[in-house]
Amino acid sequence: MIKQIKKIVIVTGATSGIGYATVIKLLEHGYSVIAVGSKLESCQKAREGINIPTPMIKFFHANLANQQEVTDLASDIKKYVLSQTDSQLYCLINNAGGVRDWYMTTAEGYEYQFALNHLSGFLLTYLLLPLLKNGIVLFTSSSSHKHMKIHWRDIMFQKWYFVLSAYKQSKLCNVMTVKELNKRGIKSFAVDPGLVQTDIGTKGMTGISRLVWNIRKKSGCNPEVPASTYIYLCNHPNAQGLYFHNCQSVSYNKEVDKDAETTRLFALSEKLCGISYQEGLLL
Amino acid sequence: MNVFITGAAGGLGRAMAVECAERGYNIVLTDCDKIHLEQIKNGLSRQFDVNIETIVCDLTDKDAVMTMVQYLDSKHMRFDMMLNIAGIDNEGAFVSRECDQIVDIIKVNVEATLQITYEILKLRNTPFYIVFVSSLASQFPMPLKATYAASKRFLFDFALSLSVELKASDVSVLALCPGGLVTNPTVIQAIDAQGFWGKATTNRLEIVSRKTIQKVLHGDTVYFPGFLNNLFRFITPLLPRGIVANLIHQRWIKSQAKWLKTCREPSTSIADTIVKQGI
């Protein structure tokens, strides 16, 4: 694949697990990558593991659960992209996510998983819209979103926090966001990575839940498997479907097809991020 | 209901602010961290239709406190509830720290808390409700967190005495005594380093926030969240204090060693992150 201008792809949560495997694959396929990690040290460590000349990859770090940091990140990325020959983004992969064993609030007072797994990608996509004119947006969802409805009565699980419900809901939010973005003319897909051997279940967890994840992940696949789905979608931006697993469009939660649900979620998310996509699209 | 919250940009303060806003209370939030104060204000105003005022104030600066109080008074603000969340815990072994670091614990947890409570009481409505954030640590002598635990003991006893003094004036005072609270991602690692007991004594932030308000409104004077923490509270007074201190010392040393092994920044002590509240 010989191209004069490298297509730029952003990957969040790029320093480990699925994000890291995707970065490697993207580089192999000749894409230029902007990798976003949560900490400087993890970015440095990831950088050392990649044997590719510097111009192909650029690292940024930000705590995406914090909206101020998402905003700052977006402006840093904008500056960087505008300094490149292409000055356009080809693809944004909202992959960063996590599980938190305990109810915790972000700087904005939002429940941590909702903010990190859903709102961060929602906001980052919005902020990068000016660079994504013909670009595509991917979200890392999960098949665990399937048996879940939006918990409207208490969307932040403030009454009684249950880690898996909060996680599943955040992943359902990803698919719903994809649906709504497509309605607005922004090409978008959700990816179901399947059960993958990553550290997602150990970073924010303790005790038994951590043990369960460590056992469970043994039957999971290598992160390279879901990474190929991201590559597939980057290479086939006109693929038909919304929700992809193993490079194929597969079925998703019926809740996603309920317009009332998705528009309500989209409006709430806009409010919680203090943004309006309608205005953003006019820019 | 108008509520005054200190340490509102930190973990517990933020959760309490969310709880109050959810109940439809108007809130005045204060903290020394301007950026985070602005962020929590944004987050709350997007979710709830209540009045939210934020004031940046270093509570250890008496002049700043007086300026803030005068400002509140000039706007004719009166309060129905005050949540004293601001507090610090940057302790380790006494001689391993700078003296100022240790003294700061008393300055923030005790002096500043007394000062702001004194002033806000002048702006109170009746009935009035006050919450002091003490800690499970207030119940034991705590080697390696000696000053912190003692400062929390101060608040524990002070709250109880104050509640008796002000009962006739229709003021209810509650001492909240949580175990660990997960207020940021680092705390999860710290709890993990403490093993079983760490997790067992950790309280759920969302439940503690809600019940604290319920309890103070109900007129309770102390609130120890969690069954196990209550058990500790009743059992430990039966043991000689010297033995308790030794047991706790052993436990901190163990978890500190484990923490140092897993932690990437070896300079951070486990005592820095466990039971971190407020600021």
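Is B:Arg153 buried, partly exposed or exposed, and what is its relative accessibility? Select B:Arg153 in this predicted model, and you have a side chain that counts as partly exposed, at 33% relative accessibility. Add B:Asp157 to the selection: the two residues form a salt bridge in which the closest N and O atoms are 3.4 Å apart. Both partners lie in helix H5 of chain B (residues 146–165), where they are four residues apart, or about one turn of the helix. B:Asp157 likewise counts as partly exposed, with a relative accessibility of 36%.

From here, move to chain A and select A:Glu180, A:Lys183, A:Arg184 and A:Asp259, which are joined into one network by salt bridges that share partners. Over all chains, the count of salt bridges comes to 14.

Next, select B:Glu22 together with A:Lys159, a salt bridge whose closest N and O atoms are 3.1 Å apart. This pair crosses between chains, with B:Glu22 in helix H1 of chain B (residues 11–22) and A:Lys159 in the loop between S5 and H5 of chain A. B:Glu22 is partly exposed, at a relative accessible area of 33%, and A:Lys159 also counts as partly exposed, at 41%.

Stay on chain B and select B:Glu19 and B:Arg23, which form a salt bridge with their closest N and O atoms 2.8 Å apart. The two ends of this pair fall into separate classes of exposure: B:Glu19 counts as buried, at 5% relative accessibility, whereas B:Arg23 is partly exposed, with a relative accessible area of 29%.

Now turn to the cysteines. A search of the whole structure finds zero disulfides over all chains. Select A:Cys91 and, with it, A:Cys234, whose sulfur is the nearest cysteine sulfur to that of A:Cys91, at 3.9 Å. A:Cys91 is in no disulfide, and A:Cys234 is in none either, because a pair of sulfur atoms would have to lie within 2.5 Å to be counted as one. A:Cys91 is buried, with a relative accessible area of 0%, and A:Cys234 is buried too, again with a value of 0%.

The next stop is an enclosed space. Of cavities of 30 Å³ or more, the count comes to three, and the largest cavity has a volume of about 60 Å³. To find it, select A:Asn94, A:Asn95, A:Ala96, A:Ser120 and A:Gly121, which lie nearest its centre among the 13 residues of the lining. Helix H4 (112–128), strand S5 (136–140) and helix H5 (163–183) of chain A each supply at least two lining residues, and H4(A) gives the most, with four.

For an open space, go back to chain B and select B:Phe140, B:Thr201, B:Phe232, B:Ile248 and B:Arg251, which lie nearest the centre of the second largest pocket, itself lined by 24 residues. About 520 Å³ of space lies in this pocket. The elements that give two or more residues to its lining are helix H7 (195–201) and helix H10 (241–262) of chain B, and H10(B) gives the most, with five residues.

Finish on the surface of chain B by selecting B:Phe227, B:Leu231, B:Ile235 and B:Leu239, which make a nonpolar patch of about 380 Å². B:Phe227 is found in helix H9 of chain B (residues 227–235), and this residue is exposed, with a relative accessible area of 66%.

How values were computed:
Residues numbered from 1 in each chain as written. Chains lettered and ligands numbered in written order. Predicted model: local features only at pLDDT ≥ 70, side-chain atom pairs only at ≥ 80, totals over all residues. Heavy atoms only, no water. Patch = residues over 30% accessible without salt bridge, like charges linked within 9 Å, V, L, I, M, F, W, Y side chains within 5 Å. Areas by Shrake-Rupley, 256 points an atom, 1.4 Å probe, with all protein chains shown as cover. Salt bridge = Lys/Arg side-chain N within 4 Å of Asp/Glu carboxyl O. Buried < 20%, exposed > 50% of the residue type's maximum accessible area, 1.4 Å probe, protein only. 1 Å grid on protein atoms, 1.4 Å probe; cavity = no way out; pocket = protein on both sides within 12 Å on 5 of 7 lines; lining within 4 Å. Points joined across faces, edges and corners; volume = space filled by probe spheres on them.
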